[in-house]
Amino acid sequence: MRHSNAVNRLDRLPISRFHKITLLTVSFAYFFEFADINTFATTAPKLIDVWGVTIDQVAYVTSLSFVGMFFGSVIAGGIADRWGRKRALTLTTLFFGVFSFASVFSWDVVSLGVFRVLTSAGLSAMTVVAVIYVNEIYPAAVRGKFQAYAIAIGICGTPATNLIASAVVPLTDWSWRLVFLFGSLGIVFVFFARHIKESPRWHESRGDYVKADAVLNEIEFQVAAEMGPLPEPAPPVDEAPSTKAPLRLLLQKKYLAPTLLLTVLWVTQTIGFFGYSSWAPTLLAKEGFSVEKSVFYVALTTVGAPLGSFLASLVTDRFERKWCLVAFGSAIALCGLFYGLTFEPVLIVVFGFLVNLFERGYTALAYAYSPELFDTRSRSLGTGISYGLGRLSNAAGPLIIAALYNKTGYQVVFFFIAGTWILGAIALAIFGPRTRPARLAFAKERLLHMQ
């Protein structure tokens, strides 16, 4: 059987300029994904003043945005399988950039809500494709580390947006629109896309061995020119080309368990994180802090986000990812509770900083962990469906939070958010498969082959 041996040929490559350029390009897309994802949250307090938007309307726009994320995630898997990882990454990034730009010209909360739903679909689709792409292009031994590096660089978009928002939103009744203009700059990704290669593993999964070989030869030539002669790859394992994965594939026992587990992971992560990040500025403003102070405090807390992704890069390939996720999730729950129980500005910033630090580390770990639970055939479908269901769950999350706040107050909201993180940690601890032994076994086999 013909085989381009993509996995083994990629896995034996030393880290080179090719990998670093790919990292920076993917990180650029991540930067504006993270820059754009909180634009509505940072402008909502101003819209309450300018347009008379209510808490319930903020909840509905936020909820519908997650419905958009669900459809974006599900569709992304099909796009990535049909058109390729590189083209899908470009198209989804352009999609969210265009509709973020359209948000600049919204005339009421309904039009802004429509644009945000479409933007959110693109954001979620881009994330799914990027996670799959990084998983397939980097050597297994450092895959988690580079996934975390991409998040660490990209997540800087969150504090960048929040700091820009804290500076421009208070200026005039229209300056909040500049926040969406900043988020739309992801469109520029189209000029960087030419620097990355299509995934050879995608070509190979479709039986396009000639194209897979061509891309692999280009990559190997670049790496060898910089790093010297390459070691021989391990021999290939023959497998039939995969056809389009039908949705019912995930009902097979082999795939159902990881799909259910990852759905719980992404449901609790989505409600837990966006329950915090999407509502913190609005709730602080409602509790008596000025719009300027509430946005500024939240901006300061998000400085912890890049550090959290960097922390994940230090532990993701060194320890079992499952237990790292359990530890990070538990830490988020604890810090989130302390955040909700104080109204001291310094403590709000400190505990908010820690929530962002551990949450972004958790997300980087989850991005590396999720695709490892599936094979090439089911990776796009399984990752997209579980991630999408997580996002869809938060269509109810903002409505729950709004109801809790209106009926019971500020602090109960944070008890609810902490509970979701604990639920996710328990599910991972009990049912989460370990992936480190497989990575270590592969690394050992490769080392023996090289010797």
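**T93.** I began with T93 in this predicted model, and found that T93 counts as buried because its relative accessibility is 0%, where buried means under 20%. T93 has its place in helix α5, which spans residues 85-103. When I set aside neighbours within four places in sequence, the residues in contact with T93 were A29, M126, G186 and F189.

**α5 against α4.** Staying with helix α5, I looked up how helix α4, residues 55-83, lies against it, and noted that the two axes come within 7 Å and cross at roughly 135°. The two helices are therefore oblique to each other, and I recorded their crossing as right-handed. On the α4 side the meeting residues are I79, A80, D81 and W83, and on the α5 side they are R85, R87, A88 and L91. Sorting the residues of this contact by character, I have 5 nonpolar, no polar and 3 charged.

**α4 against α6.** I then turned to the packing of α4 with helix α6, residues 109-137, where the axes lie 6 Å apart and the angle is about 35°. This crossing, too, I entered as right-handed. From α4 the contact draws on Q57, V61, L64, S65, G68, M69, G72, S73, A76 and A80, while α6 contributes V109, G113, R116, V117, S120, A121, S124, A125, V128 and V129. By character, the residues of the α4 and α6 contact divide into 11 nonpolar, 8 polar and 1 charged. As a reminder to myself on the spacing of such lists, an α-helix has 3.6 residues a turn, so residues three or four places apart point the same way. I also noted that A80 of α4 appears in the contact with α5 and again in the contact with α6.

**T22.** Next I checked T22, which is found in helix α2, residues 17-37. T22 counts as buried because its relative accessibility is 0%. Leaving aside neighbours within four places in sequence, I list Y133, I137, Y138 and I196 as the residues in contact with T22.

**P200.** I looked up P200 after that, and placed it in helix α10, residues 200-205. P200 is buried, since its relative accessible area is 0%. Not counting residues up to four places away in sequence, P200 touches A6, L10, I137, A212, V215, L216 and I219. I137 therefore stands in my notes twice, as a contact of T22 and as a contact of P200. I also took down the separation of P200 from D213, which is 13 residues in sequence and 7.4 Å in space, C-alpha to C-alpha.

**α15.** For helix α15, residues 304-315, I compared the span with expectation: its 12 residues reach 17 Å from the first C-alpha to the last, close to the 16 Å expected at 1.5 Å a residue. The buried residues that I entered for α15 are G304, A305, P306, G308, S309, A312, S313 and V315.

**Whole chain.** I closed with the chain as a whole, which has 21 helices and 0 strands. Of its 451 residues, 60% count as buried. Taking contacts between residues at least 6 apart in sequence, I found that 87% join residues at least 24 apart.

Terms used: Residues numbered from 1 in each chain as written. Predicted model: local features only at pLDDT ≥ 70, side-chain atom pairs only at ≥ 80, totals over all residues. Heavy atoms only, no water. Axes fitted to C-alpha atoms, helices over the stretch in contact; angles between N-to-C directions. Helix = DSSP H or I, 4+ residues; strand = E, 2+ residues; numbered from the N terminus. Parallel < 35°, antiparallel > 145°, perpendicular 65-115°, else oblique. Left-handed = near helix turned anticlockwise from the far one by under 90°. Contact = heavy atoms within 4.5 Å. Nonpolar A, V, L, I, M, F, W, Y, C, P; charged D, E, K, R; others polar. Expected span 1.5 Å × (residues − 1). Buried < 20%, exposed > 50% of the residue type's maximum accessible area, 1.4 Å probe, protein only.
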